Amino acid sequence: MKEIPEISQFLRNLPGFDALDDAQISDCAKSIEISYYRQGDDILTTGSENNRLHIIRSGAVELHDDAGEMMARRAEGDCFGCPSLMRQVPARNHSVAMEDALVYHLGGDAFARARRASNEFDTLFIRA
């Protein structure tokens with residue numbers, strides 16, 4: 001069972017999400033799917049379909065290119081998967097849990113509604 005108030009509070013403190021009003025935060029929180037990944041687990045693989053924004057609730061994730069080179073490391077409060085979600089193209093990077101991680105997966109429809117609702121939210125993710 002999801003704890004909508006706890007998810008809402010977490011989102012409310014994230015850059016971009018802090019520009020959304022209570023109703024928009026609640027819409028996002030209700031759309032969240034929660035997954036737990038053990039260290040070394042794949043989250044997204046290069047070329048896989050991605051229709052969600054991935055938000056790290058706890059733990060750490062690394063993004064690797066096709067050659068296996070680390071491109072970025074993400075931690076609590078960071079998001080990944082934004083470029084492929086926004087462009088509706090397969091994932092360009094391989095994301096791997098570098099330590100046990102709890103990840104919130106925000107559905108693409110809720111993400112699109114939030115983008116339409118707030119220019120500040122939209123601008124933050126356009127730059128990502």
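**An exposed glutamine, unpaired cysteines and aromatic pairs**

Q88 counts as exposed, because its relative accessibility is 74%, over the 50% that marks an exposed residue. This value, like the others reported here, was computed from a predicted model. Q88 is found in the loop that runs between α3 (82-87) and β6 (94-107). The backbone of Q88 also deserves a look: its phi is near 55°, a positive value in a residue other than glycine.

The cysteines come next. A disulfide is a covalent bond between the sulfur atoms of two cysteines. A search of the whole structure returned zero disulfides. C28, for instance, is in no disulfide, as the nearest cysteine sulfur belongs to C79 and is 10 Å away; a disulfide would require the two sulfur atoms to be within 2.5 Å. C79 is likewise in no disulfide, and for C79 the nearest cysteine sulfur is that of C82, 7.8 Å away. As for their surroundings, C28 has a relative accessibility of 0% and therefore counts as buried. C79, with a relative accessible area of 21%, is partly exposed, because buried residues are those under 20%.

Aromatic rings offer another way into the model. Six aromatic pairs were found in a search of the whole structure. One of them joins F10 and Y104, whose rings are 5.6 Å apart, centre to centre, with 85° between the planes, in an edge-to-face arrangement. This pair links distant parts of the chain: F10 sits in helix α1 (residues 4-12) and Y104 in strand β6, and the two are 94 residues apart. Both partners, F10 and Y104, are buried.

A further pair is made by F111 and F125. Their ring centres are 5.2 Å apart and their planes stand at 85°, so this pair is edge-to-face; planes over 60 degrees apart qualify for that label. Here, too, distant parts of the chain are linked, with F111 in helix α4 (residues 108-117) and F125 in helix α5 (residues 119-126), 14 residues apart. F111 is buried, as is F125. Both rings also belong to a wider group, since ring pairs link F17, F111, F121 and F125 into a cluster.

For a reader exploring the model, the loop between α3 and β6 is the place to find Q88, and helices α4 and α5 are where F111 and F125 can be found.

Technical notes:
Residues numbered from 1 in each chain as written. Predicted model: local features only at pLDDT ≥ 70, side-chain atom pairs only at ≥ 80, totals over all residues. Heavy atoms only, no water. Helix = DSSP H or I, 4+ residues; strand = E, 2+ residues; numbered from the N terminus. Buried < 20%, exposed > 50% of the residue type's maximum accessible area, 1.4 Å probe, protein only. Phe/Tyr/Trp six-rings, centres within 6.5 Å; stacked < 30°, edge-to-face > 60°.
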